[in-house]
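These exercises go with the structure shown below. Try each task before reading its solution.

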Amino acid sequence: MESKRASFEGALEALGVTVSSTLESELEAAVTEAVTEPAVGVGLDEPAGDEAFALTETPVTVDPTPVALREAVTGVTGAELGIGDYGSLVLTMTEQASELVSLFVERHVAILHEKDIQPDMDAAVAELDERFAETNGSAIIATGPSATADMGALVKGAHGPEEVHVIIVEEGA
Amino acid sequence: MATADEIRELMRAEGAAIAENTQGFNAGRYDSVGELEDYEDLKRAARSIKQDAIADLPNLLDQLTETVEANGGTVYIADDAADANEYIRDVVDERAADRVVKSKSMTSEEIEVNEALEADGVDVVETDLGEWVLQVADEAPSHIVAPAIHKSRESIAELFNERFDPDEPLETAEELTRFAREKLGEQITDAEVGITGANFVTADTGTMALVTSEGNARKTVAATDTHVAVAGVEKVIPTVGDLHPFIELIGRSGTGQDITSYVSLLTPPVDTPVVDFTDDETPLSEFDSDRDFHLVLIDNGRLEMREDEHLRETLYCIRCSACSNSCANFQSVGGHAFGGETYSGGIATGWESGIEGLDVAEEFNDLCTGCTRCVNACPVGIDIPGINTVVRDRINRDKDAPGEWIVDGLTPDEEDDGAPLQKRFFGNFETVAKLGSATAPVSNWLAETTVARQAMDRILGIDPRRDLPTFERETLVDWAAARDSQVENPERRAVLYPDLYTNHVQVDRGKAAVQVLESLGVDVVVPPAPSSGRAPLSQGMVATATDHAERVTETLEPHIEDGRDVVVIEPSDHAMFTREYERLLDESAFTGIAESSYEVFEYVFGLLDNGATVDSLSTVTGAEIAYHSHCQQRTLGLEAHTVAVLEECGYDVVTSDVECCGMAGSFGYKSDYYELSMDVGDRLRTQLRDDGVRDRPVVASGTSCLEQIDALLERQPRHPIELLAT
């Protein structure tokens with residue numbers, strides 16, 4: 001477990017993605033620290049009934065209006081998987097509009113459970129293959145910030161977020 | 001076909017930006033795939049998935065159609081561009097859309113859907129920043145992945161400042177990106193229909209993969225309520241699990257990124273709510289997610305390509321651009337010269353001849369020199385030079401044979417339907433060389449006269465700025481016939497293949513090779529043998545090349561059966577025997593010669609590895625040398641052998657790493673391509689004049705590389721075997 005996480009964090013660092021970690025019980029403090037206001041977010045429905053994941057004690061506006069989304073600097077969503085060798089996040093598309101919240105902002109803060117870090121792309125795609133077969137799901141494999149080289153040099157922050165921050169939620173407590 | 005003037009103008013206007021960007025991508029590819037432990041395994045897996053998918057295409061299309069429809073989407077398989085456009089226009093019309101936003105899609109450019117929609121009064125906006133720049137500038141893409149690769153930052157700034165007149169003039173890449181992001185952001189949230197391409201579509205779940213970096217494809221889907229995905233029928237693969245090798249390979253092979261920022265795996269219709277971006281009352285989750293999804297799969301010639309044994313492999317192409325970036329000629333001219341209606345780079349010959357026709361492929365097919373540097377770079381292992389050769393042959397046969405009366409005596413070839421005069425001259429160079437040696441030195445004097453050079457330029461398109469080869473009166477075969485083997489109790493026995501140039505022009509390197517092999521205990525014979533067929537093959541004269549291949553194997557077979565190894569000095573001929581003959585000969589004939597053939601340094605390396613020592617060779621202590629390997633030799637993985645042997649003989653070796661010297665056989669002699677050839681060569685010249693290199697003697701393995709280096713430098717290069725002879 002440690003090595004998967006270490007390789008994941010190493011890959012994130014190489015991509016310019018910042019990382020913090022927290023226990024479940026202290027998630028709200030970690031989120032508060034990670035966001036730049038105004039911030040919007042998606043209510044995280046797992047584990048069910050856990051108050052911390054509702055983000056109520058944070059500056060994050062959960063389930064914002066479209067106008068509030070466009071005015072926000074930060075968007076907070078969950079990430080379904082992390083991919084160790086690439087530093088990628090697997091983002092889902094929910095009816096709560098996590099796709100919009102992770103995309104139409106300058107700073108994306110992704111919350112990832114440590115247990116969801118996959119060792120490598122091979123394992124992650126195999127996992128998605130299994131899930132898609134059951135659910136006809138969709139996902140974005142997002143690696144680092146949005147970027148373009150079309151304007152004569154590499155620029156971070158093209159259509160999507162310019163900054164990405166990952167909060168790793170550790171097991172226990 | 002681009003003329004010398006057109007190529008010169010393109011290199012002037014776009015060459016610098018093209019060169020910088022493509023070489024950056026290419027260097028990035030080497031670095032990125034170098035970090036991938038299972039690179040070759042992934043490539044094999046990717047190829048095998050594509051190969052099987054194209055074989056099973058009709059079934060996969062049926063399965064995909066069923067799946068997408070069960071998911072609630074619609075599939076339309078369009079016969080051609082007009083059919084596809086009609087369908088898409090209906091979808092847009094039914095939605096009563098004023099604006100369509102698009103993410104980057106080559107297939108949508110192939111069918112020219114923008115023009116079709118604009119004719120209906122629809123506002124079509126390209127959201128990929130590169131595509132948008134071109135839309136604003138009204139220019140065509142010059143690269144399949146980075147479409148505005150030919151434009152510098154300065155020229156984009158000039159364009160934006162002139163067109164949009166911003167309060168503060170834009171200058172930096174950051175400013176230009178931010179400006180475009182804001183401008184396009186408003187248009188995306190205001191659009192009704194989003195058109196995307198699809199890099200892959202899986203038949204099992206109806207999932208499409210979109211490989212992007214900017215996030216515009218995500219926005220194009222998320223912000224609209226009608227999604228039209230346009231893709232060629234060849235994009236379907238069986239399962240989501242099959243995406244794995246492609247996800248790892250596509251970015252690395254193309255722009256040298258380990259992975260692009262976003263790989264969207266969409267199984268439409270997606271759950272993301274369709275929101276009104278001006279709404280300040282309703283929470284996002286209260287909007288519903290009613291979306292229409294249309295998958296438009298386009299045939300447009302592809303199903304015929306599938307039936308064509310020579311074009312079929314084109315359909316494995318994942319449009320990564322590795323064949324563009326690794327191509328020395330592309331690095332100089334880009335896709336505006338090396339491209340057709342839609343596609344560019346080496347694989348474009350396959351696409352354009354299959355989709356548009358031979359006449360479009362003919363416009364740029366000559367720019368593939370067959371150097372093979374794209375072959376190992378292609379993540380699905382397509383024999384791109386092979387496709388170019390076959391298409392060149394078809395183009396030749398498509399025409400009337402011109403001016404046969406002029407070269408009748410010089411063209412004892414098999415091209416009944418004819419090839420253009422210039423191609424037939426170079427393709428039959430063996431005849432010229434024989435005549436040249438037989439009448440040397442008179443032939444050399446005559447050839448160099450002004451009258452002769454003017455005639456060659458006018459009739460054959462041979463550039464007068466090139467030095468012509470000087471034929472030797474005594475060929476290597478003559479020389480060898482007049483002497484006895486120097487080896488008693490030989491360790492091994494070999495036949496040294498007298499390639500055309502070694503036999504007639506660079507005879508000294510042949511003598512050196514014989515001497516080196518004998519010093520290492522090898523009994524050597526040098527029998528007369530036909531030329532390999534490399535020359536006609538590179539002109540697209542496949543029947544003539546096949547005739548050579550058959551005669552060469554007939555000549556060498558008795559020697560091989562007699563237990564002799566075949567040793568080849570000229571790498572392009574060695575590549576014929578071990579690679580190209582596979583397409584020309586039956587399997588047993590090919591295996592017979594391929595398994596017995598060794599490039600001369602590969603052979604020396606093997607001898608040293610098996611107990612021979614360098615004591616009998618000419619050795620040095622740390623002498624500095626610069627080595628330029630040969631493109632086809634490198635593709636076969638045989639550069640290292642020369643370097644290792646030279647080092648064992650005491651040399652301090654630095655190597656060039658340009659993809660090609662630019663000469664590429666006859667290419668650099670042709671009047672239309674001389675300047676391009678020299679532009680490509682300039683990159684090698686720069687490396688050979690670098691600090692720590694500029695005083696080193698130069699050795700090179702290929703005949704045409706030696707000719708090119710001779711033209712590029714004051715220093716006269718030699719074949720490395722000449723260093724080893726005592």
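**Exercise 1: around helix 4 of chain B**

Helix 4 of chain B is followed by Ala96(B), whose phi is positive, near 55°. Helices (H or I, at least four residues) and strands (E, at least two) are DSSP runs, numbered from the N terminus. The model is a predicted one, in which local features need pLDDT of at least 70, side-chain atom pairs count only at pLDDT 80 or more, and totals for chains, interfaces and linings use all residues. Residues are numbered from 1 along each chain as its sequence is written, while chains are lettered from A and ligands numbered from 1 in the order in which they are written.

Task: Where is Ala96(B) found, and is Ala96(B) buried or exposed?

Solution. Step one: Ala96(B) is in the loop between helix 4 and strand 2 (99-102) of chain B. Step two: a residue is buried if 20 or more other C-beta atoms, placed from the backbone, lie within 10 Å of its own, exposed if 12 or fewer, and partly exposed in between. Step three: Ala96(B) has 7 C-beta neighbours inside 10 Å, so Ala96(B) counts as exposed.

**Exercise 2: the two sides of the helix**

Task: Which residues of helix 4 of chain B are buried, and which are exposed on the other side?

Solution. Step one: the buried residues are Ala84(B), Asn85(B), Ile88(B), Val91(B) and Val92(B). Step two: they lie on the same side of helix 4 of chain B because they cover an arc of only 125° around the axis; the arc is that of the directions from the helix axis to the C-beta atoms. Step three: Glu86(B), Asp90(B), Asp93(B) and Glu94(B) are exposed on the other side.

**Exercise 3: a second positive phi**

Task: Is Ala664(B) buried or exposed?

Solution. Step one: Ala664(B) is a residue other than glycine with a positive phi, near 50°. Step two: its place is in the loop between strand 16 (652-655) and helix 33 (674-688) of chain B. Step three: Ala664(B) counts as buried because it has 26 C-beta neighbours inside 10 Å.

**Exercise 4: strands across the chains**

Task: In which sense do strand 9 of chain A and strand 9 of chain B pair?

Solution. Step one: two strands pair if DSSP finds at least two bridges between them. Step two: strand 9 of chain A and strand 9 (residues 262-266) of chain B have four bridges, in the antiparallel sense. Step three: Ile140(A) has Ser264(B) as its bridge partner in strand 9 of chain B.
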